[in-house]
Amino acid sequence: MDAAFWHERWQRGEIGFHKASTNPLLQRWWPRLGVDAEAPVWVPLCGKSLDLIWLRSQGHPVRGVELARSALESFSDEHGLDVQWQTEGEFEVAEGAGFTLYCGDVFALRPEHLQGIGAIYDRAALIALPPEMRARYVAHQRALLPAGWRLLLVTLDYPQEQRPGPPFSVSDAEVRQLYAGCSIEVLEEKDVLADHKVFASQGMRSLTERVYLIAD
Ligand SMILES: C[S@@+](CC[C@H](N)C(=O)[O-])C[C@H]1O[C@@H](n2cnc3c(N)ncnc32)[C@H](O)[C@@H]1O
């Protein structure tokens with residue numbers, strides 16, 4: 001999944017991952033992180049998710065990273081947000097209304113971008129990446145984050161041979177390996193194949209969604 005793949009998806013409007021409402025799992029489980037409303041939240045691979053708006057409505061300053069500038073422009077336009085764009089090193093940055101949105105590659109992030117982050121929301125980010133990139137993605141962010149972070153992670157788990165990603169299957173064992181040394185709690189786990197008829201029509205026979213609370 002290189003940058004060209006994602007730019008093309010956004011250009012063609014093939015963004016089935018984008019949901020028209022806030023993720024109910026975020027609303028249900030976010031309070032379990034127990035983070036202060038003023039704590040800045042980090043949303044990797046954020047797209048133009050409405051979850052960013054919900055997190056902001058809880059009081060959090062919201063920081064995200066996204067490859068596609070068009071996604072971030074749509075986000076600010078669709079919500080009437082007054083953001084200013086500037087160039088900071090390798091990133092173009094949209095800033096305003098409590099948001100700091102970095103347009104660029106997650107792997108180009110440096111410690112200063114994640115300074116002060118206490119909480120992270122990862123939905124359709126880890127599972128958007130193929131196996132070899134997932135290990136790099138987690139290791140890179142773990143190396144940058146200040147100690148004491150808490151992460152709400154949503155994964156999908158299915159027999160990978162039944163359908164190519166993205167979204168990729170991420171097993172519970174892989175999550176435990178990627179976040180070895182952290183405290184890992186499964187908050188919710190259920191079969192959601194009935195909610196993904198397209199995947200079923202593509203040959204998928206089971207699909208488990210898991211919500212994790214992971215703490216450094
Ligand atoms: C499956 S989408 C999920 C978006 C969002 N989390 C949501 O829930 O709607 C994955 C997003 O990650 C972005 N992306 C992929 N690789 C990236 C990278 N290396 N750095 C930054 N963003 C990336 C894509 O452009 C895409 O918008």
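I count a residue as buried if 20 or more other C-beta atoms lie within 10 Å of its own, as exposed if 12 or fewer do, and as partly exposed in between, with C-beta atoms placed from the backbone.

Setup. I am working on a predicted model, where local features need pLDDT of at least 70, side-chain atom pairs count only at pLDDT 80 or more, and totals for chains, interfaces and linings use all residues. I number residues from 1 along each chain as its sequence is written.

Sheet. I took helices (H or I, at least four residues) and strands (E, at least two) as DSSP runs, numbered from the N terminus. Strands pair if DSSP finds at least two bridges between them. I found an open sheet of 9 strands, ordered β3-β4-β5-β2-β1-β6-β7-β9-β8, with mixed pairing. β3 (84-88) and β8 (183-191) each have a single partner strand, so one side of each lacks a neighbour in the sheet.

Strand β2. I looked up its pairing with β5: residues 62-66 run parallel to residues 99-103 over 5 bridges. Val 62 stands opposite Phe 99.

Annotated sites. UniProt's unreviewed entry puts "binding site" at Trp 10, Leu 45, Glu 66 and Arg 123; its positions use the numbering here, feature names are shortened, and annotations may be inferred rather than shown by experiment.

Glu 66. I placed this residue in β2. It is buried because it has 27 C-beta neighbours inside 10 Å. Beyond four places in sequence, its contacts (C-beta atoms, placed from the backbone, within 7 Å) include Leu 45 and Cys 103.

Arg 123. I placed this one in β6. Its 24 C-beta neighbours inside 10 Å make it buried. Leaving out residues up to four places away in sequence, Arg 123 touches Asn 23, Leu 26, Asp 51 and Val 154.

Methods:
Contact = placed C-beta atoms within 7 Å.
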